[in-house]
Amino acid sequence: MAEAAAHRSHPTPAMYWGIALFLGVVTAIEIAVPSISALDPIKVPLLWMLAAVKFFTVVGFFMHLRYEKRLYKTLFLFGVFGVFPLFIVVLLSMDAL
Amino acid sequence: MSSQAAPVETHDHHDIRPIRKAAMWVFLGSECMFFGSMIATFLLYRNETGDGPGSEIFNIPFTSASSFVLLMSSLTMVLAHNAFEKRDARTTRIWLGATALLGTIFLAGQIFEFAEFVHEGLTLSTSSFGSAFYMLTGFHGAHVAIGVMMLMAMFYLSLDGRLYDDRGLNVELVGLYWHFVDIVWIVIFTVVYLLQV
Amino acid sequence: MVLDTSKDLAPAEPTGIWSWITTVDHKRIGLMYGFTALVAFFVAGLEALLIRLQLTTANGTVLSADAYNQLFTMHGLTMLLVVVMPVGAAFMNYFIPLHIGARDVAFPRANAFSYWLFLFSTVMLLSSFVLGGAPDGGWFGYAPLSTQLEEYVRMDYYAIGAQLLGIASIMASANFIATVFTMRAPGMTLMRIPVFTWMAVVVSFLLIFSLPIFGVGLFQMFFDRNFGTQFFSGGGDPLLWQHLFWLFGHPEVYVLILPAMGIVSEIFPVFSRKPLFGYPFVVFSGIAIGFMGFGVWAHHMYTAGLGPVAEAGFGLATMMIAVPTGVKIFNWIGTMWGGKVSFELPMLFAIGFVSLFVIGGLSGVLHSVVPSDYQQHDSYFVVAHFHYVLFGGGVFGYVAGAYYWYPKWTGRFLDKKLGLWHFWLMLLGFNMTFAPMHILGLNGMPRRTYRYGEDLGWEFWNQVATVGSFIIGISFLLFAWNLIRSHKRGLPAGSDPWDGRTLEWSISSPPPVHNFDEIPVVEHVDDFWHRKYATDDDGRAVRMPDVSGGTISAETATGDDGSHEEEDMHMPSPSYYPIVAAGGIVTMGYGLVYVPGGWVVVGIGALISLWGVFGWSLEPVTRGGDHE
């Protein structure tokens, strides 16, 4: 089960600072989006997308999931991607979407 | 069978670290469902404000600042983990302390925010909106508080050089948990705050 | 017994009460799960008999409406959460490590914690009978009924008790998943794992992903009852509870049945002397059932008014889930087909399982059809259906497992004559009890009502059902007597009484503390069988020629010739922290039931559990070879 991925070199502290800077910039964009009226039509998908970018950046780099065994990825992403269809159906059936 | 095949060495000795990590990832997958259910509840009740206030009482600049604090605590956490892997106990301790501090600032911010909202008339029982809001952010806050406690336990262990003893908990597992608490907030910040204003 | 080579280096089996309290041995924990569940089974059975007595005649006077509500609620809760799930956990605890060639589960102390938390939560749930009344809102706890009457603590016991049982199950499941994925013996690839252990993995995943949803629902119910929140009342929607409950509740029924399916998948090959027909199909259909089990929850809610699109979708999904289930049934029949079938007790119960499960499965397909379900909803037809799958299926399967593995637990057989009485009485009693319920249901008898009128003509079949239920009761008294008696007086079984196929039969009965003297190296599905038998030119199994007169002893089959270097076997050391932590958490639970007055108790419980958890996580781990 040990794959090549498990041995890919981990990021250095400098890279971690860079990633944090990137996350900060994305957050700044997120905060700005609601106040730009031109973006109103695509506000909802845009904000979801930016959140997903941040989410997977932290999971991939800070939690090292990019570099981990496939097993760990499966275990976790099961939960992440499982929760969406279930509750989309729940909310649809309750007329809340 | 051992006589003719004599194949792989029978390693009875399972390194326990990957086993714990697998269990931690399973647990985090489970937590996704936990928070997912509460986020769905919030989405369902986002407009059910009854007679009480709704999302207009949110103070986005304030919450943005505390979100940023929590986001940066992920950076300090990963630096602590990095130093831990390099067996640099002193640097690990500094970053652990910084993470715990940032977590505490976030919690203080949340308590302040809750107090403000209660003052403005939004309580747990005002409306379904209030119930869902406080439950979601409250359970998240409880997770942050448990995380801070674990960070302080690690900090304490590092003081007398016991950071590398084999125990139930280690910096890597605490780190995974901490980052998870952070990514949950990334979603909450978007869904509860940014999408509602 | 046979394996006495180099025993001197292995850890000795400790004795005494304290050794059971502090034990972290998966086999002992498995036995404790089984014993607790058996006791709870008799409690829940007694509840069922009282319900049957009440319904024997029209306008029954045995129970008040209030007592009836408590009894049918607790019968469901106990049977599902405290009997069948833990019986599954008992088998999983005992056999997952033995099936994959490991010395213990991944986290022995967390395993002990799961058991103690389960035991204490069970005691807490049952204690509600004498502490203000048991839960009385149905095991499904539908809001707004469950969130009303805040002055009673009954549904608080439900909310907290089920929550704690859920936490215990989540921890146990994470443990099993970590065990199977990281601690398999060399050569034990995923597609060589015995089917029972595969089903245990699927069940663990179902619990891991469904229990947190239920947990959120339970918290919301508890908050609504005690803190005035509006999740299901006021501006809230009671339908949300139904979604959250059934998102857990439907995967839960697969949690109950899949381990039983795994057990019979172990039994059929052994007693047909053939490999399991289509091993990969059985495994993958189990996984498919797990996946699809998450997508059919709303078929419990057809009459809640979800709209035609949702109902059609869930109806189709529900019909489809019959496909992987049917695949399994054909695989079991295919296993028996052309085999040398011997009708030993485990085999009888396994065949009973398949036959009754098919009946229950077919009436389940009827329920998936929306218009038909509108008629059957909340009638005794549904009661008949789920007892056919859960009792006729589940319980027959677990009892089959008990007859199959009792020799491994104790070194002795269960008495065959008593066992035959048990089987035939149980089969007769079961069908007498639940088959008439189909008729009653179609005649319109509603569930959960404590009385019915004389003019409705329901008395005859109700009386048949009551007689049947007492026959079931007698059959289980025989079973209990058999379990006790055979422990000392059963025929000695040796290490491999059934000519088994999987690794647990390669070690002595009962197994030594460390399970395997030497961790086996696995090369096949049914590895132990392949060590005993070779295949001749016609594809027939031939016992391998062996020194000991044609039969191979378990000793040589494991390759344990005593010449190998003994490795050090530090088993995890016993610990009392798990029981302390579990005790603290349940103390908190008791406090929460009685908030606001109970906050003090919550505080005390929190302190105890902090002591337990910190003592535990800072206690050094002893484990073989973890020197690095």
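In this predicted model, C:A58 sits in a loop of chain C, between α2 (26-55) and α3 (65-100). Its surroundings are of middling density. C:A58 has 15 C-beta neighbours inside 10 Å, so this alanine counts as partly exposed. A residue would need 20 or more to be buried, and 12 or fewer to be exposed.

Which residues does C:A58 touch, leaving aside those up to four places away in sequence? The partners are C:Y452, C:G453, C:E454 and C:E459. C:H299 can serve as a distance marker for the same alanine. The two residues are 241 positions apart in sequence, and their C-alpha atoms lie 32 Å apart in space.

**Two helices of chain C**

The table sets out α9(C) and α14(C).

| Helix | Residues | Number of residues | First to last C-alpha | Expected span |
|---|---|---|---|---|
| α9(C) | 308-320 | 13 residues | 18 Å | 18 Å |
| α14(C) | 416-442 | 27 residues | 39 Å | 39 Å |

For α9(C), the reach is close to what is expected at 1.5 Å a residue. The match is likewise close for α14(C). Just after α14(C), C:G444 takes a positive phi of about 100°.

The surroundings of α9(C) can be described residue by residue. C:E311, C:F314, C:G315 and C:T318 are buried. Why do the buried residues of α9(C) line one face of the helix? Seen down the axis, they fall within an arc of 105°, so they share a face. The other side of α9(C) carries exposed residues, namely C:V309, C:A312 and C:L316. Cover for the buried residues of α9(C) comes from elements including α11 (345-368) and α12 (370-376) of chain C.

**Domains of chain C**

The domain assignment splits chain C into domain 1 (25-560) and domain 2 (579-628). The C-alpha centres of these two domains of chain C lie 29 Å apart. Their contact takes 13 residues from domain 1 of chain C and 13 residues from domain 2 of chain C.

On the domain 1 side of this contact in chain C, α4 (108-127) and α5 (154-182) each supply at least two residues. Which helix gives the most to that side? It is α4(C), with seven residues. By class, the domain 1 side of this contact in chain C divides into nine nonpolar, two polar and two charged residues.

**Chain B**

Chain B has five helices and zero strands. From the N terminus on, its elements run α-α-α-α-α. Is the chain spread out or compact? The radius of gyration of chain B is 21 Å, well over the 16 Å that the globule rule gives for 197 residues, so chain B is more spread out than a compact globule. Taken along the principal axes, its C-alpha atoms fill a box of roughly 80 × 40 × 20 Å.

Burial and contacts add to the picture of chain B. Of its 197 residues, 52% count as buried. Consider the contacts in chain B with a separation of 6 or more: residues 24 or more positions apart account for 84% of them.

B:V148 gives a local view of the chain. This valine lies in helix α4 (residues 128-159) of chain B. B:V148 has 21 C-beta neighbours inside 10 Å, so it counts as buried. Not counting residues up to four places away in sequence, B:V148 touches B:A100, B:G103 and B:T104. One of these partners, B:T104, is 44 residues away from B:V148 in sequence, with 7.1 Å between the C-alpha atoms.

**Chain A and its contact with chain B**

Chain A is divided into domain 1 (10-63) and domain 2 (69-97). The C-alpha centres of the two domains of chain A lie 21 Å apart.

How many residues of chain A are in contact with chain B? The contact involves 32 residues of chain A and 34 residues of chain B. On the chain A side, α1 (13-32), α2 (43-62) and α3 (70-93) each supply at least two residues. The most comes from α3(A), with eleven residues. By class, the side of chain A that touches chain B has 27 nonpolar, three polar and two charged residues.

Conventions. Residues numbered from 1 in each chain as written. Chains lettered and ligands numbered in written order. Predicted model: local features only at pLDDT ≥ 70, side-chain atom pairs only at ≥ 80, totals over all residues. Domains from an automatic or database assignment. Contact = placed C-beta atoms within 7 Å. Helix = DSSP H or I, 4+ residues; strand = E, 2+ residues; numbered from the N terminus. Nonpolar A, V, L, I, M, F, W, Y, C, P; charged D, E, K, R; others polar. Expected span 1.5 Å × (residues − 1). Arc of directions from axis to C-beta. Rg over C-alpha atoms; globule rule 2.2 N^0.38 Å.
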